[in-house]
Amino acid sequence: MAESKAKAKYEAVKEEIRSLGWARPGCVTRRYTTCGNPSCRCMAVPPEPHGPYYQWSHKIHGKTLSLRLTDEQARLCREWAANYKRLRKLVRRMEALSLQETGRTLGAISRS
Ligand SMILES: [Zn+2]
């Protein structure tokens with residue numbers, strides 16, 4: 001890749017990061033639960049569990065954080081989580097372009 005082309009791609013990635021909204025890590029899952037009350041429908045045969053509930057969870061320093069979410073909160077968290085995935089992808093792209101182009105620069109230095 002020509003240096004100017006690589007530079008343009010690099011700038012495009014930076015521009016996309018600039019326009020990205022909140023990037024919240026973690027994932028949103030739909031959960032069903034049982035309450036433990038033996039006379040409840042969730043303990044019947046066949047069981048009808050409570051829910052669905054939404055839960056956000058994220059593992060940080062080996063500990064899993066989790067949060068019960070409303071439908072609206074779940075919708076927001078999914079959007080932010082998608083931004084987070086996009087951000088990670090864009091950063092990896094910047095790393096790859098940087099590795100390639102700095103490698104080229106280093107090669108140019110050693111040849112001169
Ligand atoms: Zn129940």
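I will go through the sheet in this structure, then the loops, and then three places where the backbone geometry deserves attention.

Please keep in mind throughout that what we have here is a predicted model. Let me begin with the sheet, which is open and is built from three strands in the order β1-β2-β3, with antiparallel pairing. Strands β1, covering 27-33, and β3 stand at the edges, and because each has a single partner strand, one side of each is left without a neighbour in the sheet. From one strand to the next, the twist averages 35 degrees.

Taking the two pairings in turn, β1 and β2 run antiparallel to each other and are joined over six bridges, and if you want a register point for that pair, Val28 stands opposite Trp56 in β2. On the other side, β2, which spans residues 50-60, pairs with β3 in the antiparallel sense over seven bridges, and here Tyr54 is the residue that stands opposite Leu69 in β3.

How many of the seven residues of strand β3 are buried? The number is zero for residues 63-69, so the strand lies largely in the open; the criterion behind that statement is that a buried residue has 20 or more other C-beta atoms within 10 Å of its own.

Now to the connections. Strands β2 and β3 form a hairpin with two residues between them, and His61, which lies in the loop between these strands, has a positive phi of about 50 degrees although it is not a glycine. As background, most residues other than glycine have a negative phi, and most peptide bonds are trans. Is His61 buried or exposed? With 5 other C-beta atoms within 10 Å, His61 is exposed, since the cut-off for that class is 12 or fewer.

The loop between β1 and β2 contains Asn37, which is likewise exposed, having 9 other C-beta atoms within 10 Å. Asn37 and Gly51 are 14 residues apart along the chain, and their C-alpha atoms are separated by 15 Å.

That brings me to the peptide bonds, where there are two cis cases to look at. One joins Val45 and Pro46, with omega at about -5 degrees, and Pro46 lies in the loop between β1 and β2. The other joins Gly51 and Pro52, with omega at about 5 degrees, and in this case the proline, Pro52, is found in strand β2.

How values were computed
Residues numbered from 1 in each chain as written. Predicted model: local features only at pLDDT ≥ 70, side-chain atom pairs only at ≥ 80, totals over all residues. Helix = DSSP H or I, 4+ residues; strand = E, 2+ residues; numbered from the N terminus. Pairing = 2+ DSSP bridges. Axes fitted to C-alpha atoms, helices over the stretch in contact; angles between N-to-C directions.
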